[in-house]
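Work through the following exercises with the sequence and the model at hand, and try each task before reading its solution.

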Amino acid sequence: MKVEIDSFSGYRIYPSKGRLFVRGDSKVFRFSTSKNESLFLQRKNPRKIAWTVAYRRMHKKGITEEVAKKRSRKTVKHQRGIVGADLAAIAARRNQSAQERLSARSAAISKAKAEKKAKEDKKEKTKPQRTAPSGGPKVSKAQMKGSKSGR
């Protein structure tokens, strides 16, 4: 025994019951009652009519055996190293006391200052002394290029 499904309501249609409607594009629609057929021909949306199967599915009605809700996964925090510092270095920094951190910082600053001073001293030694510019007339860049704006 082949049981059909109503195209509008979703109800079962048993053999020798219901009506068949074939649209112009040869699509077949089956209706169990004239009520279903009438609502279909009025172009009513079965998802908005409360007694249809489509409405009940859409609004999650009558699903009593599926009481178990979906379990949500808890996020797990992981720690990993970043560029320039592995996880051990990060952990060591985190466990440092404020006093240790302050002393390390001041040592790094003094070292950087000393390096900078040494670099400047070296630069001054290698730099040749500038000679005074020749006593010729001072000429602007525009005049050197031969423009007439320097008149």
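**Exercise 1.** In this predicted model, classify Arg 19 as buried or exposed, and then describe its salt bridge with Glu 37.

*Solution.* Begin with accessibility: the relative accessible area of Arg 19 is 53%, and because the cut-off for exposed is over 50%, Arg 19 is exposed. Next, take the partner: Glu 37 has 11% relative accessibility and therefore counts as buried. Then turn to the pair itself, in which the closest N and O atoms of Arg 19 and Glu 37 are 3.2 Å apart. This pair links distant parts of the chain, since Arg 19 lies in strand 3 (residues 19-22) and Glu 37 in helix 1, 18 residues apart.

**Exercise 2.** Determine which residues are joined with Glu 4 into one salt-bridge network.

*Solution.* Start from the salt bridge between Glu 4 and Arg 30, whose closest N and O atoms are 3.3 Å apart. Glu 4, at 24% relative accessibility, counts as partly exposed, and Arg 30, at 32%, is partly exposed. Finally, follow the shared partners, through which Lys 2, Glu 4 and Arg 30 are joined into one network.

**Exercise 3.** Locate Thr 52 and work out what surrounds it.

*Solution.* Thr 52 lies in the loop between helix 1 (34-41) and helix 2 (53-58), and with 0% relative accessibility it counts as buried. Leaving aside residues up to four places away in sequence, Thr 52 touches Phe 8, Ser 9 and Pro 46. Of these, Pro 46 places its backbone oxygen 2.5 Å from a polar atom of the Thr 52 side chain, while Phe 8 belongs to the largest nonpolar core, together with Phe 29, Phe 31, Leu 39 and Ile 49.

Notes
Residues numbered from 1 in each chain as written. Predicted model: local features only at pLDDT ≥ 70, side-chain atom pairs only at ≥ 80, totals over all residues. Heavy atoms only, no water. Core = buried A, V, L, I, M, F, W, Y, C linked by side-chain atoms within 4.5 Å. Buried < 20%, exposed > 50% of the residue type's maximum accessible area, 1.4 Å probe, protein only. Helix = DSSP H or I, 4+ residues; strand = E, 2+ residues; numbered from the N terminus. Polar contact = N/O pair within 3.5 Å; in protein donor to acceptor, adjacent residues only side chain to side chain. Contact = heavy atoms within 4.5 Å. Salt bridge = Lys/Arg side-chain N within 4 Å of Asp/Glu carboxyl O.
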